[in-house]
Number of protein chains: 2
Amino acid sequence: MSSTVAKALTLLDHFSENEPELGLSDLARRSGIDKATVHRMLSVMADAGLVEQRHDTKLYRLGAGILRLARIREKAFPFATVLQPELDLLAQETGETAHASLISGRALATVGICESSKANRVSLVVGEVLPFHATASGIATLAFGTEELSARVLAGPLDGKTSFTLTDPGRLNALIETARQTGFGETDQTNEIDVYGIAAPYFDKTGLACGAVAVATPSHRMTEALRGKIVGAVLRAAQVITSGTGGKQPAGYPETVRKTLSSLPEGSA
Amino acid sequence: MSSTVAKALTLLDHFSENEPELGLSDLARRSGIDKATVHRMLSVMADAGLVEQRHDTKLYRLGAGILRLARIREKAFPFATVLQPELDLLAQETGETAHASLISGRALATVGICESSKANRVSLVVGEVLPFHATASGIATLAFGTEELSARVLAGPLDGKTSFTLTDPGRLNALIETARQTGFGETDQTNEIDVYGIAAPYFDKTGLACGAVAVATPSHRMTEALRGKIVGAVLRAAQVITSGTGGKQPAGYPETVRKTLSSLPEGSA
DNA sequence: CCCTCTGGTTCATTATTGTCAACAGTAGTT
DNA sequence: AACTACTGTTGACAATAATGAACCAGAGGG
């Protein structure tokens, strides 16, 4: 992990909706890299258009080049666009916050959000990167992703985000196995306190999971009935997204889903 | 320009709408970098989520992390979203292809396009990076951008894209000066044969040009009347975009525009 | 006026990187 | 089957580019 470009690219991770503009020293402190180094990195990234510096405040922010790249990606492989309507529907059906993510290197990138209309809801920071091991989306993705990916995650560091986070590879693997049986991932407060997550994977054209769509609920509000409703809705949404993006469910998955749905209390799609 | 991250980031420039997926050797050949080096670069960029490799074809494409970053950028500084409707209107008004770009390092990044409905129209490749010195958008942006930027462009290499391209710094500077007088940039076949461009700059909140909106027409179709219509429409669109994105026109600019508009033949906004 | 922030720059040391070669796998041809 | 030509991938060594402490200059604040 000591490659120069890797270090340079981690700088991008510190930008978020809440802090879209960051100063040089600030960025250096957070990343633990020397000021001079950060300055050089930002300079070349500015040249490439990935970031840009405001001439008045000297602060750095994400650049216009990113918009350009995103346009190419979306034009060639529409995802966010076909995904958003389905997210909106999902949030409306369940009454809770829905979001979707894609595998992005060693983590999950949030590529779509639709917040619940309830006053008490789970609110997500746009653009946050989600760890695999502590989120329902991550579990769901790992359960149906490549063997290599889950091995890498199980091997890598498992940060304890909350006291509920599974940091033991064995127990984490058991959770993934459960998801593999049921067809969806489920976690309670493993990434953030008082957040209950239920997520279903969607697949690329080779039948491998490339991300997950999830619904996040305040833990105390979760009931058996709501859980059933969400599971059904999430599984349905994932199927629509899979086919809508040219994906294909792997062998056996439809049966898994059917079995899971029939075991739910009642009232689902 | 021999920084490692710079070289790594140039790899991203080879992706376009036409070629959204590229192989390792192919990428190495185009960039002139050794295969092994490219492989390492792509690996770390894949880790960061900027690119991703398909497990079946081994080809690389732009990754999901870019979508995430674009979301942050758009959420914090909405541009593409507020821009697109105005582009559509502009294309409809003029009957020609309209596009908009932003300063992105050493070049302009195309961040929005609306193609003409005419059969014979100028068609743009989505996601292309435009050189400053050979495009109307570039001239317009330079004319009202920082002194430092135009100096850098005038100093840098001025590739002859066509036989009409101004490769002489002196003559190029004169063209920029003209744009500064009239308030808009104008080029004929300097970037591509048979393409006539007219572009007006929009400004950030400090009154500096941060990009331009342009209309591209087949050269042979250009007439004095059409030219007048386009100039008026482009100037108006740029003003709307400027205010719509929280920008501010620099001192004296409104008068420049007014003077230009009054000298046009007739029939403009 | 001093102190402490900020962004930016310099330069000798050292570790990262580029290079080149070989390797493995696939597809097409002979 | 063997040969070719092409992939993507990995290793080792020489050379280059990254590093980080110290240093500037400027902006506030007390």
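How many salt bridges does the rule count over all chains? The count comes to 36 over all chains of this predicted model. The legends below present close-up views of the strands of DNA, the protein interface, a sheet and a helix.

**Figure 1. Protein residues around DNA strand D.** DNA strand D is surrounded by 20 residues, of which Thr37(A), Thr4(B), Leu24(B), Ser25(B) and Arg29(B) come nearest. Of the atoms of this strand that come within 4 Å of the protein, 76% belong to sugar and phosphate. Phosphate oxygens of DNA strand D are approached by a polar side-chain atom of Lys7(A) at 3.0 Å, by a side-chain N or O atom of Arg40(A) at 3.2 Å, and by a backbone N or O atom of Thr4(B) at 2.6 Å. Two or more residues of this surface come from each of helix H1 (4-10) and helix H3 (35-48) of chain A, and from each of helix H2 (24-31) and helix H3 (35-48) of chain B. The largest share, four residues, is that of H3(A). Sorted by class, the surface near DNA strand D holds five nonpolar, nine polar and six charged residues.

**Figure 2. Protein residues around DNA strand C.** Among the 20 residues that surround DNA strand C, the closest are Thr4(A), Leu24(A), Ser25(A), Arg29(A) and Arg40(B). Sugar and phosphate make up 72% of the atoms of DNA strand C that come within 4 Å of the protein. A backbone N or O atom of Leu24(A) is placed 2.6 Å from a phosphate oxygen. Base atoms are also approached: an N or O atom in the side chain of Lys35(A) lies 2.9 Å from a base oxygen, and one in the side chain of Arg40(B) lies 2.7 Å from a base nitrogen. At least two residues of this surface are supplied by each of helix H2 (24-31) and H3 of chain A and H1 and H3 of chain B. H3(B) gives the most, with four residues. The surface near DNA strand C comprises five nonpolar, nine polar and six charged residues.

**Figure 3. The interface between chain B and chain A.** In this interface, 61 residues of chain B are in contact with 61 residues of chain A. The buried area is about 5000 Å², and carbon and sulfur atoms give 68% of it. Six salt bridges are found across the interface. In a salt bridge between the side chains of Asp47(B) and Arg106(A), the N to O distance is 3.1 Å. Twelve residue pairs are in polar contact between the chains. On the side of chain B that touches chain A, the largest share, 13 residues, comes from H4(B). That side divides into 29 nonpolar, 14 polar and 18 charged residues.

**Figure 4. A three-stranded sheet in chain A.** The sheet is open, with the order E1-E3-E2 and antiparallel pairing. Strand E1 (21-22) and strand E2 (51-53) are the edge strands, each pairing on one side only. E1(A) is joined by two bridges to strand E3 (residues 60-62), and these strands run antiparallel. Tyr60(A) in E3(A) is the bridge partner of Leu22(A).

**Figure 5. A salt bridge within helix H9 of chain A****.** Side chains of opposite charge can pair when their charged atoms come close. Arg227(A) forms a salt bridge with Glu224(A), with the closest N and O atoms 3.6 Å apart. Because Arg227(A) and Glu224(A) are three residues apart in helix H9 (residues 224-244), about one helical turn separates them.

Conventions. Residues numbered from 1 in each chain as written. Chains lettered and ligands numbered in written order. Predicted model: local features only at pLDDT ≥ 70, side-chain atom pairs only at ≥ 80, totals over all residues. Heavy atoms only, no water. Near = heavy atom within 4 Å. Polar contact = N/O pair within 3.5 Å; in protein donor to acceptor, adjacent residues only side chain to side chain. Nonpolar A, V, L, I, M, F, W, Y, C, P; charged D, E, K, R; others polar. Contact = heavy atoms within 4.5 Å. Buried area = accessible area lost by both parts, 1.4 Å probe. Salt bridge = Lys/Arg side-chain N within 4 Å of Asp/Glu carboxyl O. Pairing = 2+ DSSP bridges.
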